[in-house]
Amino acid sequence: MTTKDKYKKVAYYPGCALEGTGHSYNRSTKAVGKALGLDLVEVKNWNCCGAMEVKNVDPKLQTYLSSRVMSIAANEMDMDVVMAPCNGCYHNLKKAEYDLANDKESVDVVDKLSKKAGHKTYESGQVETIHALDWIKDSIGEDGLAERVKNSLSGIKIANYYGCMYTRPRHIFPEKDAGPGSESTSKPHFMDDLLAAAGAENVDFPLKTACCGGAHTLSDSDTSTKLVLNILKTAKMAGADVIATECPTCHTGLEMHQIRAEKTLGVTVDIKILYFTQLLGMALGLKPKKVGVHENISDSRSFLKEKGLA
Amino acid sequence: MRRLAELEAAIDSLPGENDAVQQAEALLKVSEEVVEHWIMGRGDTPTDETREGFRLLALHRQGAKGDPSFNACRETCREIAYHYNLVTMQPEHGETMHRLDMMKMICNHLYLFISGKMQVAELGEFCCSSKPIRLAPEARKQTRKEA
């Protein structure tokens, strides 16, 4: 079976953020999948991937939590691909996969906890974890997407922001930097490729993998605000109208600190923040509400209307 | 070595009166000093070696040893080196001032990222890619046992 066929039906792991602050990412991912004829089967009774909190208390426990999600997909749903749109979930599942392939202690702990929890132990290699970008890029591709575009994103200048977890650490993403057609860890381009296929003009954005301070949002909000403000200003200076995101933590951080920068520092940067799935959805002819634009914190509706997308 | 606050002021003062190449060199020097602060804060001596022709990249590599979360600024350092090359190899290019402006923003990001990590004691341990350095091995085992 080709990758293209394999990705047409995948186990969908939305993760906690997509049921909360990232709800519009959840909505738009599902809507785009439906519009493209791709089948998402949500992982049954999924749990938190361990995010940052559990990892900082006990990384092996985090490995177990991520392995449970993959175990359900493989052993209870007979799926061989898990798609995680959230960078944190994607990163943690990939990390668990790596640890279970390379660290005996992780294997032992996961086995012990899986038995205690009463489900089959996940074994490395049972599933392939992919991001929403891989899913669309490899199942539909740029040409397939361009054929389906009903409302071109032409005239919209986009800074693509991937955040820090989509490519780091490099050793857990063996499929990246693997030659022509693969994703790059130093200059990722999958989101650029997809949005360009939908007609958008991508700007040269040097902070596409820079830290947004997401992990420090609560412990050190001022640093996060300054980091985000610098990202927003740089995107604006690069000529962008919109920052496209593919991570709920980054997205929420950019939106919240855009407002916080206005309130605490008196600095306004007029740039819209949208998930790449929202932009693709509208390019495919979906209404803004269908892709959750109304659920975003930053209001981009008048901009979208001006560009003929609303 | 200049203090962090002085480095911030140096970034803010650009672009100045000097020509583009001098300004790019000034930004590269500031970036190196910012990373030096991180390395010295961890009790090491900043390297004088270069990597791919840049001391900044060698310093970043040194700063990331034992702290994977520091890799979150790896591409930031590489973008500074890239913009330095753009400005110094083609100083007469029509985009040079824009490239300098972008280099300044990237340099500022590096400053914010590293100074933020330094301001909060052991901030790095809360970063997504970091290892939990707070817990002793015994405590970790206990946590798993309880789970």
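Trainee: Which residues does Leu279(A) touch, once residues up to four places away in sequence are not counted?

Mentor: Leu153(A), Leu195(A), Ala198(A), Ala200(A), Ala244(A) and Leu274(A). Bear in mind that this is a predicted model. Leu279(A) also ranks with Val82(A) and Met83(A) as the residues with the most contacts inside the largest nonpolar core, which has 129 residues. Helix α5 (residues 96–119) of chain B gives the largest share of this core, eleven residues.

Trainee: What makes α12(A) "mostly covered"?

Mentor: Eight of its eight residues are buried. Buried here means 20 or more other C-beta atoms within 10 Å of a residue's own. Phe276(A), Thr277(A), Gln278(A), Leu279(A), Leu280(A), Gly281(A), Met282(A) and Ala283(A) are the buried residues of α12(A).

Trainee: Which elements do the buried residues of α12(A) pack against?

Mentor: In chain A they pack against α2, α7, α9, β7, β8 and α13 (301–306). After α12(A) comes Gly285(A), with a positive phi near 100 degrees.

Trainee: How do you know that α2(A) is largely enclosed by the rest of the structure?

Mentor: Count its buried residues: ten of the 13 qualify, so "largely enclosed" is a fair conclusion. The buried set is Ser24(A), Tyr25(A), Asn26(A), Arg27(A), Ser28(A), Thr29(A), Lys30(A), Ala31(A), Val32(A) and Gly33(A). Their packing partners in chain A are β2 (39–42), α7 (132–139), α11 (248–265), β8 (272–275) and α12 (276–283).

Trainee: How do you know that the span of helix α2 (residues 23–35) of chain A agrees with what a helix should give?

Mentor: Take the expected span as 1.5 Å times one less than the number of residues. For the 13 residues of α2(A) that should come to 18 Å, and the end C-alpha atoms are 18 Å apart, so the two agree. Just after α2(A), Gly37(A) has a positive phi of about 75 degrees.

Trainee: Why is Glu19(A) called exposed?

Mentor: The cut-off for exposed is 12 or fewer other C-beta atoms within 10 Å. Glu19(A) has 10, so it falls in the exposed class. The residue lies in the loop between β1 (9–12) and α2 of chain A. Leaving aside neighbours within four places in sequence, Glu19(A) is in contact with Pro14(A) and Asn26(A).

Trainee: How far apart in space are Glu19(A) and Ile273(A)?

Mentor: They are 19 Å apart, C-alpha to C-alpha, with 254 residues of sequence separation.

Trainee: Back to the strands. Why is β6 of chain A called an edge strand?

Mentor: Four strands of chain A form an open sheet in the order β6-β5-β7-β8, with parallel pairing. The edge strands β6 and β8 each pair on one side only.

Trainee: What makes β5(A) and β6 (residues 201–202) of chain A a strand pair?

Mentor: Pairing needs at least two bridges. β5(A) and β6(A) have two, in the parallel sense, and that meets the cut-off. Within this pair, Ile158(A) stands opposite Asn202(A). From β5(A) the chain crosses through helix α9 (residues 190–197) of chain A to β6(A), in a right-handed β-α-β crossover.

Trainee: How many bridges join β5(A) to strand β7 (residues 242–245) of chain A?

Mentor: Four, again in the parallel sense. Ala159(A) stands opposite Ile243(A), and Tyr161(A) has Thr245(A) as its bridge partner. As for burial, four of the five residues of strand β5 (157–161) of chain A are buried, so this strand is mostly covered too.

Trainee: Zooming out, how do you know that chain A is as compact as a globular protein of its length?

Mentor: Set its radius of gyration, 19 Å, beside the 19 Å from the globule rule for 310 residues; the two are close, so the description holds. Chain A has 13 helices and eight strands, and 57% of its 310 residues count as buried. Among its contacts with a separation of 6 or more, 78% join residues 24 or more positions apart.

Trainee: What pattern does chain B follow along its sequence?

Mentor: The pattern is α-α-α-α-α-α, from six helices and zero strands. Of its 147 residues, 42% are buried. Of the contacts in chain B between residues at least 6 apart in sequence, 61% join residues at least 24 apart.

Methods
Residues numbered from 1 in each chain as written. Chains lettered and ligands numbered in written order. Predicted model: local features only at pLDDT ≥ 70, side-chain atom pairs only at ≥ 80, totals over all residues. Contact = placed C-beta atoms within 7 Å. Right-handed = clockwise from strand over helix to strand, strands pointing away. Core = buried A, V, L, I, M, F, W, Y, C linked by C-beta atoms within 7 Å. Rg over C-alpha atoms; globule rule 2.2 N^0.38 Å.
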